[in-house]
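Welcome! Below are a few short exercises, each followed by a worked solution. Take a look at the structure, then try each one before reading on.

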Amino acid sequence: GFEHLGVKPVLKDKINTEYGHFPKPEKDKLINLAANDKAKEEIHAPSYCPNFLRPIPEIDQNLENSIAEDAIWLFPGALPEPCWDYTLGNNASRVRTLMKKSLNGPLKKQNIDLIVSTMKNDPEAVLHYGIHSDDLSQLAIHNKDLAMEFMNNMAPFPIITNYYTALSESKVNLNSMELFNKIVQNHLLPKEYILYYIHNCFKSCIDKGTKNYKNRLVRLVSFVISFFLKNKIIPIEEIINLKAESFFEENKSVKEANQILKQIRSLKNEKES
């Protein structure tokens, strides 16, 4: 009958008759149908299998981003092509996530150590962390040490000039100054970036909040410029060309600013005499 064909038809409810489950005419009809060769070709399992409707599984929106990178394993394609997971054996995916988090708040020490070690093991990986030049100021605010490591690893690549430009134009604060100062010490930063940053510092100190805050910012700017002058990174003549004398004259009440003002006037007196 149908069993040797692998068919399990959907049958009607049991009918109690003298012939058993089916009336005899119906039973004979089924037996003749199963014995017919043409019927064997036409009868197949899908014709008798009901469609079981299943609801589409819901995906938690919070997990949508985290599973995006794994979607390739869910839909490998029609052809049996090999799919390589290049993140196995390293922490590339996790480091990218941590670098994104570093723009919004400070990271734990073990996470920073993981990022730094990954950078050292794979110097080119820093190009794929998704940290653009516009993100550098935020990175410096929340994780200045990590920002320094990031810039050190970016230095060999031509794209570093975009980050130098972004840093020289960034908002002047303690973290950005420390980062810029360290970069100047560790890299041969082109002079134009240094001069533009100093000009940006002068501009940021004008009408900056309360008097105490402004004096603190002037003190930091004067300290950075003094370091540049002392280590002959920038000659004092270049500082004078930025109209620095009027800036330090205006803020001579700050000790560090007054010292630089004296250097400028001493140089002028030497040239005049």
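**Exercise 1.** Find the residues that Leu146 is in contact with, leaving aside its neighbours within four places in sequence, and decide whether Leu146 is buried or exposed.

*Solution.* This is a predicted model.
- Step 1: locate Leu146 in helix α9, which spans residues 144-154.
- Step 2: beyond those sequence neighbours, the contacts of Leu146 are Met99, Ser102, Leu107, Ile115, Met119 and Leu139.
- Step 3: Leu146 has 0% relative accessibility. Buried means under 20%, so Leu146 counts as buried.

**Exercise 2.** Work out which parts of the chain are linked by the salt bridge of Glu178 and Lys144.

*Solution.*
- Step 1: the two side chains, Glu178 and Lys144, meet at 2.6 Å, N to O.
- Step 2: Glu178 belongs to helix α11 (residues 174-186) and Lys144 to helix α9, so distant parts of the chain, 34 residues apart, are linked by this pair.
- Step 3: both residues count as partly exposed, Glu178 at 27% relative accessibility and Lys144 at 29%.

**Exercise 3.** Which residues are linked with Arg265 in a network of salt bridges?

*Solution.*
- Step 1: start with the salt bridge between the side chains of Glu249 and Arg265, at 2.1 Å, N to O.
- Step 2: place Glu249 in helix α15 (residues 244-250) and Arg265 in helix α16 (residues 255-272), 16 residues apart.
- Step 3: add Lys252, and the network is Glu249, Lys252 and Arg265.
- Step 4: check accessibility: Glu249 is partly exposed at 29%, and Arg265 is partly exposed at 38%.

Conventions:
Residues are numbered from 1 along each chain as its sequence is written. This is a predicted model: local features need pLDDT of at least 70, side-chain atom pairs count only at pLDDT 80 or more; totals for chains, interfaces and linings use all residues. Side-chain values use heavy atoms; hydrogens and water are left out. Helices (H or I, at least four residues) and strands (E, at least two) are DSSP runs, numbered from the N terminus. Buried means under 20% relative accessible area, exposed over 50%, partly exposed in between (1.4 Å probe, protein chains only). Contact means heavy atoms within 4.5 Å. A salt bridge is a side-chain nitrogen of Lys or Arg within 4 Å of a carboxyl oxygen of Asp or Glu.
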